[in-house]
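Biologist: I've got a model open and I'd like to learn how to read its features one by one. Can you walk me through it?

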Amino acid sequence: DIFIPRKASILEKARLQPYGCIGGGLFTSMRHAQVEEDSIPFDDDMNDTGNRAFLSGLKWEVGASSECGIRNSNEDSYVVINNLDEMISSQGLTSFAEQDVGQTKQQGLFAIFDGHVGNQAARFSAEKFPEMLMEEQSALASRDSAILSSIEDRTLEVLSNAFDRLDREFCSLCTRDGREWDSGSTALAALVVDDVVTLANLGDCRGVVCRVVSSGIAETADSEWQELDPEDDEDMLWDRANGAFSSGERLYWREVTETHSPLLPEEEERINAANGWIMKETEIPTGQIHRMDFFDEDVVDIVKRCFADRIGQHRSDPARSIQIARTCGDLAVSRAIGDRDFKAAYNLPTQTVIEQRKEIAMTWDGPSVFIYPEGHSGRFKGDLVSSVPDVKFFKIGQEGVVDEFLIMACDGLWDVMDADDAVRIAKNLLFDKKLSAKDGAERLAELATHLGSSDNITVILIRFYWEEIDKK
């Protein structure tokens, strides 16, 4: 039920085997499906529009893959836990299911940790984050009533508290017993509780959700949702039974997370308020084209598409111009686990004791390793790099949704692949070729390498589906 690859984030060029599993099935809901006219007699399970209602369990198929790429070592780690309730109970703790007397039926946890300046932060996070999340859930369950808070309220609290603890404990560990660790890690965690997915994000990992929906579903009118190839697929609509497009349905996607770059106005404002600075530079990734594998047909298709459509900039375009912003001229993200040199609590006098930290608003002397701008005081106020995640929610199995999947990946994928290309590839693998989520995750990671990624690449692909429960 829990998988943390033990060979992940080791200091050598390791080849990791992809991982796959199936979970869920305990949360049930009445689903509706269109039946062919005269295919079955009308009965109590059918409404007057010809839709048949049936009880189904929500399940998920997970695939995960981590590639070292051209780097000398893999500094990424990931976690897959299919049955979080079972793990919580095995530790003698209290889960949401026990708290609300069975109203909550199932939980899963999936997370990616993308390390930098060493593997320590990502490795520590993969091993300790599930434990902290379970303890925070048990603490909340022991004092909270399910009647008083929604699933979203509870998952927001436990994820926020778990990330806060994770950062405090890792930063404290970095200098304990003679250690001098400077590493950090971005993070993306998905906590699935019944039909609610909560995504907590720190840094530049991204999550993209894709849905095959009935035409006219209200939610897809939201500007955040984009239709995949509406012109190309004008006559290609989805047939669930055959796993291909037929009639009446469309495929939509949207990015659920936001990248925490110093370029974002709110991040830049926070860094400047802490007396930090942002160094900006522009580069053209000419080395990417030399690493591209043009014997890969998907690489050719993606590159053709990016050159055919000159509206906007494409990540697979090796001639594009990239603006890079660095916090205090060093770190290319503005939120992360670790990176203690950028945080107030770990640069205070040694006699200062911090019991709990949300946002430390005290002044502190910056480290000597920073290259300070001329005239800078060398002092900061508050954290330069935040450990507070952005938290987003979405529900699985909304009315009119036929199939859906979630792509979670570190920047090693997104540096060279646009979200719509990742969705297009995943859709083709899962639905057209009917491959497993494990094969899909492995192929996405491989394709990022073939597109010239210069980073480690970790992908988790989750396909959500409903399985009819037999009537007894």
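Biologist: Let's start on the surface. Which residues form a nonpolar patch there?

Modeller: This is a predicted model, so everything here is computed from it. The patch consists of Met30, Leu55 and Ile469, which together have about 240 Å² of accessible area. To join a patch like this, a residue needs over 30% relative accessible area, and nonpolar side chains are joined within 5 Å.

Biologist: Take Leu55, then. Where is Leu55 placed, and is Leu55 buried or exposed, or somewhere in between?

Modeller: You'll find Leu55 in strand S3, residues 51-67. Its relative accessibility is 35%, so Leu55 counts as partly exposed.

Biologist: And how should I think about side chains along a strand in general?

Modeller: In a regular strand they alternate between the two faces of the sheet. Now look at strand S17, residues 401-409.

Biologist: How many residues of S17 are buried?

Modeller: Nine of its nine residues are buried, so the strand is mostly covered, with buried meaning under 20% relative accessible area.

Biologist: Which strands pair with S17?

Modeller: Strand S8 (residues 206-214) runs antiparallel to S17, joined to it by eight bridges. Strand S18 (residues 457-468) is also antiparallel to S17, with six bridges between them. For single pairs, check Cys210, whose bridge partner in S17 is Phe405, and Met408, which stands opposite Ile460 in S18.

Biologist: Next, charges. What should I check when a charged residue is buried?

Modeller: Look for a partner of opposite charge, then for polar contacts. Asp339 is a good case: it is buried yet has no salt bridge. Asp339 sits in the loop between strand S13 (337-338) and strand S14 (363-365).

Biologist: Which side chain of opposite charge is nearest to Asp339, and what polar contact does the side chain of Asp339 make?

Modeller: The nearest one is Lys343, 5.9 Å away. The cut-off for a salt bridge is within 4 Å, so that pair doesn't qualify. The side chain of Asp339 does make a polar contact with the side chain of His116, at 2.8 Å.

Biologist: How many salt bridges are there by that rule?

Modeller: The count comes to 29. To read one, ask how far apart the partners are in sequence and how covered they are. Arg168 and Asp164 meet in a salt bridge at 3.1 Å, N to O. They are four residues apart in helix H4 (residues 151-173), so about one helical turn separates them. Both Arg168 and Asp164 are buried.

Biologist: What about the salt bridge between Asp177 and Arg179: how exposed are the two partners?

Modeller: Asp177 and Arg179 meet at 3.8 Å, N to O. With 68% relative accessibility, Asp177 counts as exposed, while Arg179 is partly exposed at 26%.

Biologist: Which parts does the salt bridge of Arg335 with Glu267 tie together?

Modeller: Its closest N and O atoms are 2.8 Å apart. Arg335 lies in the loop between S12 and S13 and Glu267 in helix H5, so the pair ties together parts that are 68 residues apart in sequence. Arg335 and Glu267 are both buried.

Biologist: Which residues are linked in a network of salt bridges?

Modeller: Glu135, Glu136, Arg165 and Glu169 are linked that way.

Biologist: Now the backbone. Which residues other than glycine have a positive phi?

Modeller: Two to look at are Asn275, with phi near 70°, and Cys328, with phi near 55°. Asn275 is in the loop between helix H5 (265-273) and strand S11 (278-283), and Cys328 is in the loop between strand S12 (322-327) and S13. As for cover, Asn275 is partly exposed at 31% relative accessibility, whereas Cys328 is buried at 4%.

Biologist: Last one: how do I compare distance in sequence with distance in space?

Modeller: Put the two numbers side by side. Gly25 and Lys59 are 34 residues apart in sequence and 4.7 Å apart in space, C-alpha to C-alpha. Gly25 is placed in strand S2, residues 19-34, and counts as partly exposed at 28% relative accessibility. For another pair, Ala445 and Asn456 are 11 residues apart in sequence and 9.1 Å apart in space, again C-alpha to C-alpha. Ala445 is in helix H10, residues 437-450, and is buried with a relative accessible area of 0%.

Note on methods
Residues numbered from 1 in each chain as written. Predicted model: local features only at pLDDT ≥ 70, side-chain atom pairs only at ≥ 80, totals over all residues. Heavy atoms only, no water. Patch = residues over 30% accessible without salt bridge, like charges linked within 9 Å, V, L, I, M, F, W, Y side chains within 5 Å. Areas by Shrake-Rupley, 256 points an atom, 1.4 Å probe, with all protein chains shown as cover. Helix = DSSP H or I, 4+ residues; strand = E, 2+ residues; numbered from the N terminus. Buried < 20%, exposed > 50% of the residue type's maximum accessible area, 1.4 Å probe, protein only. Pairing = 2+ DSSP bridges. Lys, Arg positive; Asp, Glu negative; His and termini not counted. Polar contact = N/O pair within 3.5 Å; in protein donor to acceptor, adjacent residues only side chain to side chain.
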